Amino acid sequence: MLCLVTALERQVFDFLGYQWAPILANFTHIIVVILGLFGTIQYRPRYIVVYVVWAAVWVTWNVFIICFYLEVGGLSKDSELLTFNLSGHRSWWEEHGPGCLHEEEATAGLGALHGQSLVVGAGCAMVHSYVEALHSGLQILLALLGFVYGCYVVSVLTEEEDSFDFIGGFDPFPLYHVNEKPSSLLSKQAYLPA
């Protein structure tokens, strides 16, 4: 459930920053988390397996986001990769990070539009790329916990399906027990003395 709450929180901030690739990824993640919860409640291992596979993809996506914002491997946080070249915005945290001071630049001529001329990153307590990396790190931690828990639930559910006894139900010590070894008495013909 915490995974769902943090994904919704991240979705809100990605919408505020007009980052369309993370918006699509977060939306898919929210749908798959709901599907995984439904699979757990309804004892549907296939839905949980979908969640487990998605958790691995989600970890990969978040590692990419960390590398993107920390500019690892030739990636640049100034590229239009996450916005699909549809927006001039980058990250909402870039202008509204924790402790950022909002100073307006003096623009010559036309006058500044409200919110369009903020000095980015002035006096921030934490750089926006670190905030995004921390969000992704939290998502990785929750996805790994979900992956392990999902694998455990799938193994328990499939084990329960395999242990069903059609005569005794789920009872591990049934009253009626069938001997699984063939008896030699059954294969020999019994002769009665005349």
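Where does glutamate 71 lie? In this predicted model, glutamate 71 sits in the loop between helix 3 and helix 4, the latter covering residues 92-96. That loop position comes just after helix 3, and glutamate 71 takes a positive phi of about 55 degrees there, although it is not a glycine. As for burial, glutamate 71 counts as partly exposed because its relative accessibility is 39%, in between the cut-offs of 20% and 50%.

Stepping back to the whole chain, the protein has 6 helices and 0 strands. Read along the sequence, that gives the pattern α-α-α-α-α-α. Of its 194 residues, 31% count as buried.

A second positive phi turns up at tyrosine 43. This residue follows helix 2, and its phi is near 55 degrees; here too, the residue is not a glycine. Tyrosine 43 belongs to the loop between helix 2 and helix 3. With a relative accessibility of 59%, tyrosine 43 is over the 50% cut-off and therefore counts as exposed.

Next come the helices on either side of that loop. Helix 2 has 22 residues, which should span 32 Å at 1.5 Å a residue, and its end C-alpha atoms are indeed 32 Å apart, so the two values agree. Helix 3 tells a similar story: its 25 residues reach 36 Å from the first C-alpha to the last, close to the 36 Å expected at 1.5 Å a residue.

The buried residues of helix 2 include Ala21, Pro22, Ile23, Ala25, Asn26, His29 and Ile30, and Val32, Val33, Gly36 and Gly39 are buried in helix 2 as well. In helix 3, the buried residues include Pro45, Ile48, Tyr51, Val52, Trp54, Ala55 and Trp58. Further along helix 3, Val59, Asn62, Ile65, Phe68 and Tyr69 are also buried. As background for reading such lists, an α-helix has 3.6 residues a turn, so residues three or four places apart point the same way.

How does this fit with the database record? The UniProt annotation "transmembrane region", from an unreviewed entry, covers residues 20-41, 48-72 and 136-157. In the model, residues 20-41 are 100% helix and 0% strand, and the end C-alpha atoms of that span lie 32 Å apart. Residues 136-157 are likewise 100% helix and 0% strand, with the end C-alpha atoms 31 Å apart.

Two glutamines are worth a look for their polar contacts. Glutamine 19 is found in the loop between helix 1 (2-16) and helix 2. Its relative accessibility is 2%, so glutamine 19 counts as buried under the 20% cut-off. The side chain of glutamine 19 is joined to that of tyrosine 69 by a polar contact of 2.9 Å, and Tyr69 is one of the buried residues of helix 3. Glutamine 139, for its part, has its place in helix 5. Glutamine 139 is buried too, with a relative accessible area of 2%. Its side chain makes a polar contact with the side chain of threonine 6, at 3.0 Å.

Helix 5 also holds threonine 158, which counts as partly exposed at 30% relative accessibility. The side chain of threonine 158 reaches the backbone oxygen of serine 155 at 3.2 Å. Threonine 158 also brings the story back to tyrosine 43: the two are 115 residues apart along the chain, yet their C-alpha atoms are separated by 9.6 Å.

That leaves the pockets. The largest pocket has a volume of about 280 Å³. Its lining has 13 residues, and the closest to the pocket centre are Met1, Leu37, Tyr51, Gly146 and Tyr149. Helix 2 (20-41), helix 3 (45-69) and helix 5 (128-162) are the elements that give two or more residues to this lining. The largest share, 5 residues, comes from helix 5. Chemically, the lining divides into 9 nonpolar residues, 4 polar ones and no charged ones. Tyr51, one of the residues closest to the pocket centre, is also among the buried residues of helix 3.

Technical notes. Residues are numbered from 1 along each chain as its sequence is written. This is a predicted model: local features need pLDDT of at least 70, side-chain atom pairs count only at pLDDT 80 or more; totals for chains, interfaces and linings use all residues. Side-chain values use heavy atoms; hydrogens and water are left out. On a 1 Å grid over the protein atoms alone, a cavity is a set of points where a 1.4 Å probe fits but cannot get out, and a pocket is an open set with protein on both sides within 12 Å along at least five of seven lines; lining residues have an atom within 4 Å of a point. Grid points are joined across faces, edges and corners, and a volume is the space filled by probe spheres set on the points. Helices (H or I, at least four residues) and strands (E, at least two) are DSSP runs, numbered from the N terminus. Ala, Val, Leu, Ile, Met, Phe, Trp, Tyr, Cys and Pro count as nonpolar, Asp, Glu, Lys and Arg as charged, and the others, Gly among them, as polar. UniProt positions are given in the numbering used here, feature names are shortened, and annotations may be inferred rather than shown by experiment. The expected span of a helix is 1.5 Å times one less than its number of residues. Buried means under 20% relative accessible area, exposed over 50%, partly exposed in between (1.4 Å probe, protein chains only). A polar contact is a pair of N or O atoms within 3.5 Å; within protein, one must be able to donate a hydrogen and the other to accept it, and residues adjacent in sequence count only if both atoms are side-chain atoms.
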